[in-house]
Amino acid sequence: MKYIKNYINGQLIAPVLDEHIENIDPSRGKVYSMIPDSNQQDVENAVIAAEAAFSAWSNTPKDERAAIMIKIADIIESRLDQFAAAESLDNGKPVSLASHVDIPRAVSNLKFFATAIQHYASESHNMEGQGINYTLRKPIGIVGCISPWNLPLYLFTWKIAPAIAAGNCVIAKPSEVTPMTAFMLSEVCAEAGLPKGVLNIVHGLGHKVGDAMTKHPKIKAISFTGGTNTGATIAKIAAPMFKKLSLELGGKNPNIIFADCDFDKALSTTIRSSFANQGQICLCGSRIFIERPIYEKFKAVFVAKVEKSKVSYPSDPEAKLGAVVSQPHMEKVLSYIELAKEEGGTVLTGGHQVKLEGEYSEGYYIRPTIIEGLAYDCRTNQEEIFGPVVTITPFDTEEEVLKMANSTQYGLASTVWTENLRKAHRVANEIDAGIVWVNSWLVRDLRTPFGGVKNSGVGREGGFEALRFFTEPKNVFIQN
Ligand code: NDP
């Protein structure tokens, strides 16, 4: 049995109490490795290491910091297949997805912020006749990064890369459900020569390790991605301590399909935006609104195509969907399908667990599910399910669809399909969301602001927004 280790002060070590929790392979429903069940003392040790490393790291020239980050990225890239296989085993996602999306994007995160820091500049403000202000952007010190299980290495590096590029030292906690690629990253960091203490990875449970990080007075900022309720718990603790907070939270994203769309493109992308990663992407469009003139046609082809999507074990090259991440999560998703039926919905396809054969018979598989006939404001259409379940709803006017689209507590992402440019601009402007994709989905330019409005989060990640988050501005005025 493989034992994952913490990465503290440049060393791979067992947790202080040497206690562990089981890590389950969701495709087989079997324990396959053990994770440190770390506690407050492990976090304390990580903070001590980070504190000792901060002065040297924050004074290391930017291009030297960048060179180490590029080296880390290059090593991951050279082992892409190993990382993709590990991500898939840990999370249940198809290997093809991990090797085309998760791991390449993790590599891009490291490369992007390694180079972004070299282009980052602070401002100066001239006051005619009086003097000049210039603003220094200094690293915060020790920062905490907490990430979820759905895109494990991708979201972990999305936080760590800007934090260390800006000169901070980091205490990071991956989700306890998917720790493996974070562990592999720690091995790579040691190999690439990242100075000890700059990045410390403490594995364990959210309510122990995550809570200890949030409460630690020396961790001055928390960058968190996860559920809205967890975000609220963290904010309650961190806000009175005046910590900087970046919260990327849940979503219930609308996918609005107008009758004048490019039908085939809207259809093929909607299949991906509904069910990629088993629907476990915070950006998936789980509420699909279809303009009435094409509703029946779109529904028929959408259902027919999804019925052909293969649900299979992650290493099956033909798998379109793998396993969902855990048994409790599978049960939660299935319970929402039951709720949808109680609320009057009709399941057009899917709606049940899938039992594979042989070694995968205990895995957590769900057929991709399409439901119609629900009110836009019922629980199924308001609460985040975060699985392979979408609803379809017809609409007649722009005003009506905007009302339905904007009706949830969330406002993360949205998708709009139309060939009418004016309509695209109008609707994009009116949707309550931090991200709008027109005639596309999941296109990412790492320079753009990323994040949500309403209960989908506070703050923005991406590009210089992330570097601004991980630095403190200090204004200096020089009198003429
Ligand atoms: P959780 O909120 O359950 O967990 C996220 C992370 O927080 C995990 O590492 C978790 O540890 C940790 N955690 C749990 N409790 C605490 C606590 N009290 N204090 C500090 N940390 C804690 O989310 P999930 O992992 O279930 O991820 C799914 C959610 O993430 C969905 O709601 C999804 O929408 C959201 N998400 C948002 C994204 C965005 O960019 N807005 C992107 C991706 C996902 P542990 O695993 O041990 O519980």
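Glutamine 278 sits in the loop that links α9 (263-275) to β14. The model here is a predicted one. In it, glutamine 278 has a positive phi of about 60°, although it is not a glycine. Most residues other than glycine have a negative phi. Glutamine 278 is also buried, because its relative accessibility is 1% and the cut-off for buried is under 20%.

Leucine 442 makes a useful companion. Its phi is positive too, at about 65°, and leucine 442 is not a glycine. Its place is the loop between β21 and β22 (457-458). Leucine 442 has 12% relative accessibility, so it counts as buried.

Now follow the chain from the first loop into β14. Arginine 287 belongs to this strand. Is arginine 287 buried or exposed? Its relative accessibility is 0%, so arginine 287 counts as buried. Which residues does it touch, leaving out those up to four places away in sequence? They are Lys252, Asn253, Pro254, Asn255, Asn381, Thr391, Met404, Ala405, Ser407 and Thr408. Lysine 252 lies 35 residues from arginine 287 along the chain, yet their C-alpha atoms are separated by 7.0 Å.

Two of those contacts, Pro254 and Asn255, lead to strand β13. This strand covers residues 254-257. Both of its faces are covered. Pro254 and Ile256 are buried on one side, and Asn255 and Ile257 are buried on the other. In a regular strand the side chains alternate between the two faces of the sheet.

β13 has a partner on either hand. With β14 it pairs in the parallel sense over four bridges. There, isoleucine 257 stands opposite isoleucine 290 of β14. With β20 (residues 413-417), β13 also pairs in the parallel sense, over three bridges. Here isoleucine 256 stands opposite valine 416 in β20.

Step back to the whole sheet. Strands of a sheet pair through backbone hydrogen bonds, either parallel or antiparallel. This one is an open sheet of seven strands with mixed pairing. Its order runs β15-β18-β19-β14-β13-β20-β21. Which strands form the edges? They are β15 (346-349) and β21 (435-438), each pairing on one side only. From one strand to the next, the twist averages 25°.

A helix packs on this sheet: α10, residues 292-307. α10 touches β13, β14 (287-291), β15, β18 (369-372) and β19 (389-395). The direction of α10 makes about 135° with that of β14.

Elsewhere, two helices pack against each other. Two packed helices are described by the angle between their axes and the distance between the axes. For α2 (residues 62-78) and α4 (residues 95-119), the angle is about 170° and the axes are 9 Å apart. Angles over 145 degrees count as roughly antiparallel, so α2 is roughly antiparallel to α4. The crossing of α2 past α4 is left-handed. On the α2 side, the contact residues include Ala66, Met69, Ile70 and Ala73. On the α4 side, they include Ile103, Val107, Leu110 and Phe113. The residues of this contact divide into 12 nonpolar, one polar and six charged.

One last stop is serine 147. It lies in the loop between β8 (142-146) and α5 (152-165). Its relative accessible area is 5%, so serine 147 is buried. What is it in contact with, leaving aside neighbours within four places in sequence? Serine 147 meets Leu155, Phe156, Lys173, Pro174, Ser175 and Thr225.

Key: Residues are numbered from 1 along each chain as its sequence is written. This is a predicted model: local features need pLDDT of at least 70, side-chain atom pairs count only at pLDDT 80 or more; totals for chains, interfaces and linings use all residues. Side-chain values use heavy atoms; hydrogens and water are left out. Axes are lines fitted to C-alpha atoms, for helices over the stretch in contact, and angles run from 0 to 180 degrees between N-to-C directions. Helices (H or I, at least four residues) and strands (E, at least two) are DSSP runs, numbered from the N terminus. Angles under 35 degrees count as roughly parallel, over 145 as roughly antiparallel, 65 to 115 as roughly perpendicular and the rest as oblique. A crossing is left-handed if the near helix is turned anticlockwise from the far one by less than a right angle, and right-handed if clockwise. Contact means heavy atoms within 4.5 Å. Ala, Val, Leu, Ile, Met, Phe, Trp, Tyr, Cys and Pro count as nonpolar, Asp, Glu, Lys and Arg as charged, and the others, Gly among them, as polar. Two strands pair if DSSP finds at least two bridges between them. Buried means under 20% relative accessible area, exposed over 50%, partly exposed in between (1.4 Å probe, protein chains only).
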